[in-house]
Amino acid sequence: FFDTFVQVANPNPTAARIHVTFQRPFGAPPIERDYDTPALGRLTIPVELVAPELSGTSVSIALTSTNGVPVVAERSMWWPGSDWYEGHATLATNTTGTAWAVADGETGGADNTRTYLLVASGASATNASLRVLLVRDTGPPIEPILTDALTPNARLTIDLGSVFPEIVGERVGVILESMGQTSAGAVTP
């Protein structure tokens, strides 16, 4: 349904060598590739063409310049298929963290809005639990812990309306916090 691209701009007079890691969900091993981004140039990577395993799955992307030449990266998505009429783009961040805040999420409403939280995990040796604090416009906050939800080098997608049906029709702010390893188990909202 989505066509996803990674765009890399190199504003420097020297070519950049980049290493890209495509993190897949459910503990599937990441797919890694190396690319050259020309001096004062741009590189576009159509994700579904990188490997057959990436054509029908969600993915998080980690990008590193291996020769020290700084680059700017973004991820863009267009849908549906070849009849694009909607899109979305996000600039990359150069910072990892164990806690992140999302200012505005919404589910339901007149436009049947859906908000997804996309979480990429690091290379830790163990699974980690994820605390999700939903701060609502009305009603008390909701603070579930998703037990062992973060697997090493993987991607987690949380559909707010499906995982937390009690917030359908509301706007929320979200704080995500990695809690490290807890106990093995299932999602506990």
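The structure above contains an open sheet of 3 strands, and their order is 3-2-5 with antiparallel pairing. Keep in mind that this is a predicted model. Average pLDDT for the chain comes out at 84, and 90% of the residues score at least 70. Let's walk through the sheet, one residue inside it, the salt bridges, and then the confidence scores.

**The open sheet**

- Strand 3 (31-37) and strand 5 (60-65) sit at the edges, and each has a single partner strand, so one side of each is left without a neighbour in the sheet.
- Going from one strand to the next, the twist averages 25°.
- How many bridges join strand 2 and strand 5? There are 6 of them, and strand 2 (residues 16-23) runs in the antiparallel sense to strand 5.
- If you'd like one spot to find in that pairing, look for V20, which stands opposite L63 in strand 5.

**A closer look at T21**

- T21 is part of strand 2.
- Is T21 buried or exposed? With a relative accessible area of 12%, T21 is buried, because the cut-off for buried is under 20%.
- Setting aside neighbours within four places in sequence, T21 touches P30, I31, E32, S60, I61 and A62.

**Salt bridge between strands 2 and 3**

- Searching the whole structure turns up 7 salt bridges.
- One of them pairs D36 with R17, and their closest N and O atoms are 3.1 Å apart.
- This pair links distant parts of the chain: D36 belongs to strand 3 and R17 to strand 2, and the two are 19 residues apart.
- Both ends are partly exposed: D36 has 49% relative accessibility, while R17 has 31%.

**Salt bridges reaching strand 13**

- E106 and R171 also meet through their side chains in a salt bridge, at 3.2 Å from N to O.
- Where do these two sit? E106 is in strand 8 (residues 99-106) and R171 is in strand 13 (residues 171-180), so this pair links distant parts of the chain, 65 residues apart.
- E106 counts as partly exposed at a relative accessible area of 24%, and R171 is partly exposed too, at 38% relative accessibility.
- Another salt bridge connects R131 and E177, with the closest N and O atoms 3.3 Å apart.
- R131 lies in strand 10 (residues 128-136) and E177 in strand 13, so the pair ties together parts that are 46 residues apart in sequence.
- R131 is partly exposed at 24% relative accessibility, and E177 is partly exposed at 34%.
- Which residues end up in one network? D104, E106 and R171 do, joined by salt bridges that share partners.

**How confident is the prediction?**

- Where in the chain is confidence highest, and where is it lowest? Strand 3 takes the top spot with a mean of 96, while strand 14 (residues 187-188) is at the bottom with a mean of 38.
- Across residues 183-189 the pLDDT is below 50, and this stretch has 14 contacts in the model beyond near neighbours in sequence.
- Strand 3, with its highest confidence in the chain, is also the strand that holds D36 from the salt bridge with R17.

Notes:
Residues are numbered from 1 along each chain as its sequence is written. This is a predicted model: local features need pLDDT of at least 70, side-chain atom pairs count only at pLDDT 80 or more; totals for chains, interfaces and linings use all residues. Side-chain values use heavy atoms; hydrogens and water are left out. Two strands pair if DSSP finds at least two bridges between them. Helices (H or I, at least four residues) and strands (E, at least two) are DSSP runs, numbered from the N terminus. Axes are lines fitted to C-alpha atoms, for helices over the stretch in contact, and angles run from 0 to 180 degrees between N-to-C directions. pLDDT is the predictor's confidence in each residue, from 0 to 100. Contact means heavy atoms within 4.5 Å. Buried means under 20% relative accessible area, exposed over 50%, partly exposed in between (1.4 Å probe, protein chains only). A salt bridge is a side-chain nitrogen of Lys or Arg within 4 Å of a carboxyl oxygen of Asp or Glu.
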